[in-house]
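Let's walk through this protein together, starting from one spot in the chain and working outwards. Have the viewer open as you read.

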Amino acid sequence: MITRRAFNAALSLTGLGLFAGSLGLSPLRLISDAMAQGATDVAKPQSLPDMGLGPANASVTITEYASMTCPHCAAFTENVFPKIKSEFIDSGKIRFVFREFPLDIKAAAGSMLARCIAKDDAPKYFAVVDLLFKQQNEWVVKNTTETLARIGKQAGLTQQAVEDCLKDQALLDKIAADQKFAAEVLKVNSTPTFFINGEMLKGEQTFEEFSKRINSLLKS
């Protein structure tokens, strides 16, 4: 899982400077002998409060586990999520929850920055996540330091505030704990992974697939 030692190795010297050289880090270890998940396990947030759009009492809830460095997650956010939002979230039919499942240190950094910028503002959090996914190639592959700092500044954070955010031990520990819970209890082992009222749906899916499942649950 995410460790403070690995994170510090990426942040040492100049705070964000070594992120650019951390591409070789292996994916986080996942627990294989996981317990079976249930709708109740998926429904309750663990260490961090949920970031969700749509009514809390909606009869259908989609929970997405995503890594900020995952290209399939970025593609879903760009191509499919806007349709789900327009058709089902904005109309109050469903609730959509986004949860962090970082597959590497850079993904953890992106998630931490989104949390620091948004605080408890869910719409703002989704906007930052969208921006990070749209600029994924910039901050993941080549200009991690500059791009994360720039995104932070656009949201009102200073350079120092961005660096302080990415050194936040408590926040990193909570993200790691939630990822561990998802791996051990919910059997999440890849991104994106979705749960629709507790039922797992793995991988990037079409809007039509989501629409079919959502409408079936709404009718029932």
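Start with Ala108, which you'll find in helix H5. Keep in mind as you look around that this is a predicted model. Is Ala108 buried or exposed? With a relative accessibility of 0%, Ala108 counts as buried, because the buried class takes in everything under 20%. Ala108 also has a partner to look for further along the chain: Ala176 is 68 residues away in sequence, yet the C-alpha atoms of Ala108 and Ala176 are separated by 8.6 Å.

Stay with helix H5 for the cysteines. Which residue is joined to Cys116? That would be Cys165, through a disulfide with an S to S distance of 2.1 Å. Cys116 sits in helix H5 (residues 105-118) and Cys165 in helix H9, so the bond ties together parts that lie 49 residues apart in sequence. The link of Cys116 and Cys165 is right-handed, with 95° about the S-S bond. Both of these cysteines are buried. The disulfide count comes to 1.

Two further cysteines, along with Ala108, have their accessibility listed here:

| Residue | Relative accessibility | Class |
|---|---|---|
| Cys70 | 5% | buried |
| Cys73 | 0% | buried |
| Ala108 | 0% | buried |

Now follow the disulfide over to helix H9, where Cys165 lies. Helix H9 (residues 159-166) meets helix H8 (residues 144-154): their axes come within 9 Å and cross at roughly 115°. Angles of 65 to 115 degrees count as roughly perpendicular, and H8 and H9 are therefore roughly perpendicular to each other. As for handedness, the crossing of H8 and H9 is right-handed.

Which residues make that contact? On the H8 side they are Leu148, Ala149, Gly152 and Lys153, and on the H9 side Gln159, Val162 and Leu166. Sorted by character, the residues of this contact come out as 4 nonpolar, 2 polar and 1 charged.

Finally, zoom out to the whole chain. How many helices and strands does the protein chain have? There are 11 helices and 5 strands. The chain runs to 220 residues, and 49% of them count as buried. Ala108 belongs to the buried group, and so do Cys116 and Cys165. Looking at contacts with a separation of 6 or more, 79% of them are between residues 24 or more positions apart.

How values were computed. Residues are numbered from 1 along each chain as its sequence is written. This is a predicted model: local features need pLDDT of at least 70, side-chain atom pairs count only at pLDDT 80 or more; totals for chains, interfaces and linings use all residues. Side-chain values use heavy atoms; hydrogens and water are left out. Axes are lines fitted to C-alpha atoms, for helices over the stretch in contact, and angles run from 0 to 180 degrees between N-to-C directions. Helices (H or I, at least four residues) and strands (E, at least two) are DSSP runs, numbered from the N terminus. Angles under 35 degrees count as roughly parallel, over 145 as roughly antiparallel, 65 to 115 as roughly perpendicular and the rest as oblique. A crossing is left-handed if the near helix is turned anticlockwise from the far one by less than a right angle, and right-handed if clockwise. Contact means heavy atoms within 4.5 Å. Ala, Val, Leu, Ile, Met, Phe, Trp, Tyr, Cys and Pro count as nonpolar, Asp, Glu, Lys and Arg as charged, and the others, Gly among them, as polar. A disulfide is a pair of cysteine sulfur atoms within 2.5 Å. Buried means under 20% relative accessible area, exposed over 50%, partly exposed in between (1.4 Å probe, protein chains only).
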